[in-house]
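The following exercises are to be worked with the sequence and the coordinates at hand. Each task is followed by a solution in steps.

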Amino acid sequence: MESVRVERGTRASRIFAILAVPALAALVTLPWWGGAGDMRLIAEMAYFLALAQLWNLLAGYAGLVSVGQQAYVGLGAYALFYLTGVLNMNVYLALMIAGPFAGLISIPVSFAVFRLRGAYFAVGTWVVAEVFALSASLIGVLGGGSGLSLTPAILRQVSPDRATRDTILYLMTLAVSVLVFAIAYLLLRSRHGLALTAIRDSEPASASLGVNTFRAKFIIYIVTAACTGLVGGLIFLQKLRLSPEAGFSVNDWTVVVIFMVVIGGIGTIEGPFIGMLVFIVLRELFADYGTIYLMLMGAIAIAVMLKAPSGIWGWVIQRYDLQLFPVGRRLALGAGPVTTGPYSGQPEMEQL
Amino acid sequence: MEWVNTIIQGILLGGIYALFAIGLSLSFGIMRLVNIAHGDLIVLSAYVALIVGQNTGLDPISSLVIVAPVMFALGYALQRGLLNSTLSGGLLPPLLVTFGISVIIQNGLLQGFGAYTHRLQEGAIETASVQLPGGISVGVYPLMVFAVAVCAIASLQILFYSTRLGRAFRAVSDDADTAELMGIDNRKLYAVALGIAMIFTAIAGILFAIRANFDPAAGPIRLILAFEAVIIGGLGSIWGTLLGGVVLGVSQAVGAALSPTWQILAGHIAFLIILIVRPNGLFPRTRD
Amino acid sequence: MSLLRTQNLAAFYGDFQALFDINVSVEEGETVAIIGANGAGKTTFLRAVAGALATAPDTVLFDGQPIGDKTAHEIVRLGIAMVPEGRRLFPSLSVEENLLLGTHSERAGPWNLKRVYELFPRLRELRRLPAPSLSGGQQQMAALGRALMSNPRLLLCDELSLGLAPVVIRDIYQCLGAITAEGTTVVLVEQDISRALDASVRFYCFQEGRLALNAPTKNFDHAALTAAYFGL
């Protein structure tokens with residue numbers, strides 16, 4: 001009987017890993033060969049990618065289709081602004097608290113919204129975000145309806161010099177984005193990821209096999225909330241001004257993120273990256289035409305949902321069995337790997 | 001007496017919320033479709049009425065004779081062309097496609113009309129009031145809107161329980177497969193259902209736009225209010241939709257009486273409480 | 001020309017093939033039975049004919065016309081009606097409303113409310129009650145009546161006897177006799193083999209999606225039937 005190994009990588013993924021190193025090096029050194037505008041754009045791409053990965057983790061893997069993640073963007077941002085502006089905390093410390101704070105708040109929220117399923121869960125999470133936004137606008141110490149601004153003193157804590165500050169913020173955003181990506185990847189490669197995939201494919205079946213579906217979903221919800229909060233803090237640290245409308249904006253933080261994930265390929269790790277690129281390209285291409293690019297995103301998302309529900313990357317996987325970030329396990333017999341069929345990470349949402 | 005006044009205002013406010021909710025309730029009850037673009041379609045109706053008014057000189061309520069058929073046709077086309085294909089794919093496709101439609105409508109209106117607010121002018125009726133016993137003054141317009149809501153719901157009751165079409169709707173809502181086996185063309189029926197939902201949406205849009213300012217971004221909050229009214233009342237129940245609207249309106253009125261800025265928040269909180277305590281709403285009928 | 005003919009009919013649920021190469025023919029006016037164990041494909045066959053399951057156009061011919069790719073509601077309008085397994089009455093509708101649902105195919109013919117109530121007098125008394133409040137046997141009659149209201153040329157009956165007491169089953173089959181006396185063609189799927197064979201002139205035996213045996217019911221060979229039924 002031949003020996004059997006479990007293989008984690010694919011040839012494509014190994015090639016990709018090799019190519020990714022110089023690309024990443026280029027991005028990290030950008031402050032020294034690029035301009036402030038370039039850094040802002042890449043930072044934006046980085047935080048959108050992070051938000052997209054997080055939403056994908058939630059909806060594409062745990063089956064929790066939330067239209068309310070903007071709640072945690074806003075919570076993280078408000079935590080940062082309040083701690084630095086009102087409590088005079090050091091900005092780095094405040095940033096480190098912003099994420100866990102959002103994660104903490106997500107715990108009672110989950111008790112409420114986890115009672116809902118499907119579309120009700122979606123709109124329920126949205127209502128929760130609206131509650132946060134309205135509450136923020138009513139609390140005087142948070143600046144009420146007009147919000148808060150970061151004072152120059154706070155910014156100087158990052159760095160007294162403008163250029164260094166831009167560089168630090170850029171690198172932090174890049175680092176957080178890579179961190180979120182890594183967390184998502186490692187999570188999905190682990191036992192928990194396998195459990196999540198099982199839950200996504202069939203919750204009743206996986207429950208019957210002993211997977212604690214509630215706990216898995218709960219953990220994912222908290223973790224993504226915390227990460228989203230951290231990203232929210234970083235975003236508004238760079239925007240300098242925070243209002244309830246901006247911090248909790250469903251259009252800015254959720255609508256485009258959902259479109260990115262769906263167009264790129266929901267339930268795949270590569271998908272959010274591709275979707276983010278599509279978004280940025282469309283936005284830059286049609287920058288002179290107002291919000292037409294959003295209408296295009298919407299139209300493309302509709303077309304994808306109707307014709308190719310697994311998105312661009314899902315189509316690639318089906319066509320070419322390509323995986324750059326393999327999360328599955330393949331059986332390898334004896335000398336070389338035998339493909340036992342692609343891990344096609346396409347979510348089949350519960351029929352509700 | 002102040003509290004009585006507040007409750008009455010809240011009940012009347014419930015009228016417009018019930019009208020918002022009808023379209024959503026119909027499409028959910030018959031097709032199990034939660035239409036994320038619903039709020040934007042309410043706003044779109046207001047803009048259509050605006051254009052009709054500008055080009056024909058008709059007052060908003062009269063312009064309904066044009067707006068209603070237009071919205072019916074739009075709903076029919078939307079369901080037939082786009083939404084019917086999403087119904088068998090599970091949760092995500094209908095949610096995302098209607099999300100896409102919502103974004104397209106919002107930004108299309110933004111591109112076409114700009115970010116300015118508008119209001120439809122109906123005339124004296126907007127500010128007229130009547131005196132009720134006990135010294136309570138009630139606006140004629142809110143009273144009329146409430147009456148329209150009650151008539152709308154009553155007409156739906158008649159439609160569903162006394163007509164052939166209504167019978168088909170109820171059958172399809174119960175068991176779409178078997179309905180098809182009885183000779184009902186489900187795809188066409190769904191399209192008619194959304195068309196009818198759009199008629200009520202048009203009514204809601206025009207009545208709302210006479211009373212409040214609207215702009216291209218006014219859709220999402222209308223969706224949330226409609227959704228809250230439907231959920232509070234309980235899915236699948238026609239009169240529940242009216243009740244849900246009233247509960248929402250009263251919650252908001254009570255909140256507003258405490259402080260005007262608390263109005264919407266009070267409604268959200270009431271909704272969340274009911275959602276946690278009675279997830280199926282107060283009078284649920286539809287099997288999920 | 002047969003009223004119903006299937007040629008090399010294959011049917012799939014996703015990737016799973018449920019029917020292989022089914023050739024069945026039914027002449028106008030005949031009652032034909034389809035028997036077989038659970039999972040043999042009997043209901044799948046009826047659903048394929050009724051249009052609830054898509055198949056290649058030429059594999060199902062009704063009156064010579066290919067109907068394999070038509071939708072269920074189009075097929076009802078052509079004159080095929082189904083009494084589904086488990087009755088499937090509409091719970092939100094009253095008995096009479098359920099019967100009236102049958103008229104949505106808009107076919108003319110001898111069957112109307114009055115005649116259905118003549119056939120099933122008990123239903124007239126119960127007509128305003130919600131469908132779920134009826135007993136199993138009464139629901140079966142209502143489901144049969146509902147199918148008749150579309151004035152079908154071909155009636156597909158899926159497991160009429162399911163979950164019913166023998167006395168009730170006997171009554172239902174007597175009514176079926178009255179229906180076929182009008183000239184309606186019937187295809188009967190049944191677990192209760194003796195009932196099925198009593199009511200039909202020919203039968204087909206399915207086994208794991210394939211045709212195992214078809215023969216006239218008169219003087220059939222028991223041993224052959226048992227072998228075909230169990231796939232021995």
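**Exercise 1. Determine how the span of helix α6 (residues 136-148) of chain C relates to its expected value, and establish how far the helix is enclosed.**

Solution. The model is a predicted one.
Step 1: α6(C) comprises 13 residues, and the distance from its first C-alpha to its last is 18 Å. At 1.5 Å a residue the expected value is 18 Å, to which the helix is close.
Step 2: A residue is classed as buried when 20 or more other C-beta atoms lie within 10 Å of its own. The buried residues of α6(C) include C:Gln138, C:Met141, C:Leu144, C:Arg146 and C:Leu148.
Step 3: Eleven of the 13 residues of α6(C) are buried, and the helix is therefore largely enclosed by the rest of the structure.
Step 4: The cover over these buried residues includes the strands β6 (80-83) and β7 (154-158) of chain C. It also includes the helices α3 (95-101), α4 (113-119), α5 (121-126) and α7 (166-181) of chain C.

**Exercise 2. Describe the side of chain B that touches chain A, by elements and by residue class.**

Solution.
Step 1: The contact involves 34 residues of chain B and 38 residues of chain A.
Step 2: On the chain B side, two or more residues each are given by α4 (92-113), α9 (219-233) and α11 (263-277) of chain B.
Step 3: The largest share, 13 residues, belongs to α4(B).
Step 4: By class, this side of chain B has 24 nonpolar residues, ten polar and no charged.

**Exercise 3. Decide whether B:Gly205 is buried or exposed, and identify its contacts outside its sequence neighbourhood.**

Solution.
Step 1: B:Gly205 is located in helix α8 (residues 186-211) of chain B.
Step 2: Within 10 Å there are 32 other C-beta atoms, so B:Gly205 is buried.
Step 3: With neighbours within four places in sequence set aside, B:Gly205 contacts B:Ile42, B:Val43, B:Ser45 and B:Ala46.
Step 4: B:Val43 is 162 residues away along the chain, yet 5.9 Å separates its C-alpha atom from that of B:Gly205.

**Exercise 4. Characterise the packing of helix α3 (residues 36-61) of chain A with helix α13 (residues 250-264) of chain A.**

Solution.
Step 1: The two axes come within 9 Å and cross at roughly 70°.
Step 2: Because of this angle, α3(A) is roughly perpendicular to α13(A).
Step 3: α3(A) contributes A:Phe48, A:Leu51, A:Ala52, A:Trp55, A:Asn56 and A:Gly60 to the contact. From α13(A) come A:Trp253, A:Val257, A:Ile258, A:Met260 and A:Val261.
Step 4: The contact of α3(A) with α13(A) contains nine nonpolar residues, two polar and no charged.

Definitions and conventions: Residues numbered from 1 in each chain as written. Chains lettered and ligands numbered in written order. Predicted model: local features only at pLDDT ≥ 70, side-chain atom pairs only at ≥ 80, totals over all residues. Helix = DSSP H or I, 4+ residues; strand = E, 2+ residues; numbered from the N terminus. Expected span 1.5 Å × (residues − 1). Buried ≥ 20, exposed ≤ 12 C-beta atoms within 10 Å, placed from the backbone. Contact = placed C-beta atoms within 7 Å. Nonpolar A, V, L, I, M, F, W, Y, C, P; charged D, E, K, R; others polar. Axes fitted to C-alpha atoms, helices over the stretch in contact; angles between N-to-C directions. Parallel < 35°, antiparallel > 145°, perpendicular 65-115°, else oblique.
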